[in-house]
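Student: I've got a protein with its ligand on screen and I'd like to talk it through. Can we start at the binding site and work outwards?

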Amino acid sequence: MNVIKVSRLYVRSLYRFARGLKQALAVGGVSGLGECVYCRLRRFQTSPQPKGESRKSAFDCKYGVDTDGVVPTYELETDGPNYIHGYNYQGCNPAFLGHAFARLNLSADQYCFVDLGSGKGRALLVASEYPFKAIIGVEYARALHEIAKSNIMTYKSGTQRCSEIRSVCADAAEFELPDGPLVVFMYIGLCT
Ligand SMILES: C[S@@+](CC[C@H](N)C(=O)[O-])C[C@H]1O[C@@H](n2cnc3c(N)ncnc32)[C@H](O)[C@@H]1O
């Protein structure tokens, strides 16, 4: 039984690998293909997804959400061809983002916060502690977007200032920004 499961996993990974190379070649030509192969090789240098309770971040433990880990997006199904330019999912540092928000001196409910490449939604949850009018995350990897939706439902804190939060599954390059004043956030993660 396990042999069948493992074989299926390998076949699926091989299929994704081949599909990725084909798309990279179609979209970026030989240099796109080279870039894609390079990204895949870098995978071996990235830290694995944390396993077990003890490796959970303080943020995930405190709020019972799932925003930890490093996920190479080329391993995930994405909408649109831009995935060859994307790198890993990795949540931002909540304290750093909090400091940045505090320095913005946001006037109440005026700005909409948009996170382009929102992953599992950690920045959206951090932003919800500040007086934003609405919070929107744009993520092209469906699996990460689904996790973000669940995190948005789960997240509860007595100090939350904005409950108008949503994750949109789309390519940031094709996303139409909402009207009105915006705070736009983009975080590419740490190169590990
Ligand atoms: C380093 S993570 C940042 C996650 C989140 N912003 C945070 O700070 O916690 C970058 C995310 O951008 C996503 N991404 C990269 N290119 C994208 C694109 N063109 N459209 C939508 N999402 C993209 C990746 O899948 C990944 O989840």
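Student: Which residues are the closest to the ligand?
Tutor: Keep in mind that this is a predicted model. In it, 24 residues surround the ligand. The closest of them are Gly 86, Cys 92, Gly 117, Gly 119 and Gly 189.

Student: How does the shell around the ligand divide into nonpolar, polar and charged residues?
Tutor: Glycine counts as polar here, so Gly 86, Gly 117, Gly 119 and Gly 189 from that closest set go in the polar group. Cys 92 is also in that set, and cysteine counts as nonpolar. Over the whole shell, the split is 11 nonpolar, 9 polar and 4 charged.

Student: Which helix supplies at least two residues of that shell?
Tutor: Strands S2 (88-90) and S4 (134-139) each supply at least two residues. A helix does so as well, and it spans 122-127. That's H4.

Student: Is S4 mostly covered or open, and how many of its residues are buried?
Tutor: Buried means 20 or more other C-beta atoms within 10 Å of a residue's own. By that cut-off S4 is mostly covered. Out of its 6 residues, the buried ones number 5.

Student: What is the bridge partner of Asp 115 in S4?
Tutor: Asp 115 falls within S3, which covers residues 112-116. S3 and S4 run parallel and pair over 5 bridges. On the S4 side, the partner of Asp 115 is Gly 137.

Student: And in S5, what is the bridge partner of Ile 136?
Tutor: S5 takes in residues 165-169, and its pairing with S4 is parallel, again with 5 bridges. Ile 136 bridges across to Arg 166.

Student: Which helix does the chain cross through from S4 to S5?
Tutor: Before that step, S3, H4 and S4 already form a right-handed β-α-β unit. The crossover from S4 to S5 is a right-handed β-α-β one too. Its helix covers residues 142-154: H5.

Student: How many helices and strands are there in the protein?
Tutor: Read from the N terminus, the order is α-α-β-β-α-β-α-β-α-β-β. Tallied up, that gives 5 helices and 6 strands.

Student: Where does pLDDT stay under 50?
Tutor: The mean pLDDT is 83, with 76% of residues at 70 or more. One stretch stays under 50, and the model has 14 contacts for it beyond four places in sequence. Treat that stretch as low in predictor confidence: residues 44-53.

Definitions and conventions. Residues are numbered from 1 along each chain as its sequence is written. This is a predicted model: local features need pLDDT of at least 70, side-chain atom pairs count only at pLDDT 80 or more; totals for chains, interfaces and linings use all residues. Helices (H or I, at least four residues) and strands (E, at least two) are DSSP runs, numbered from the N terminus. A residue is near a molecule or strand if its C-beta atom, placed from the backbone, lies within 6 Å of it. A residue is buried if 20 or more other C-beta atoms lie within 10 Å of its own, exposed if 12 or fewer, and partly exposed in between; C-beta atoms are placed from the backbone. Two strands pair if DSSP finds at least two bridges between them. A crossover is right-handed if, with the strands pointing away from the viewer, the path from the first strand over the helix to the second runs clockwise. pLDDT is the predictor's confidence in each residue, from 0 to 100. Two residues are in contact if their C-beta atoms, placed from the backbone, lie within 7 Å.
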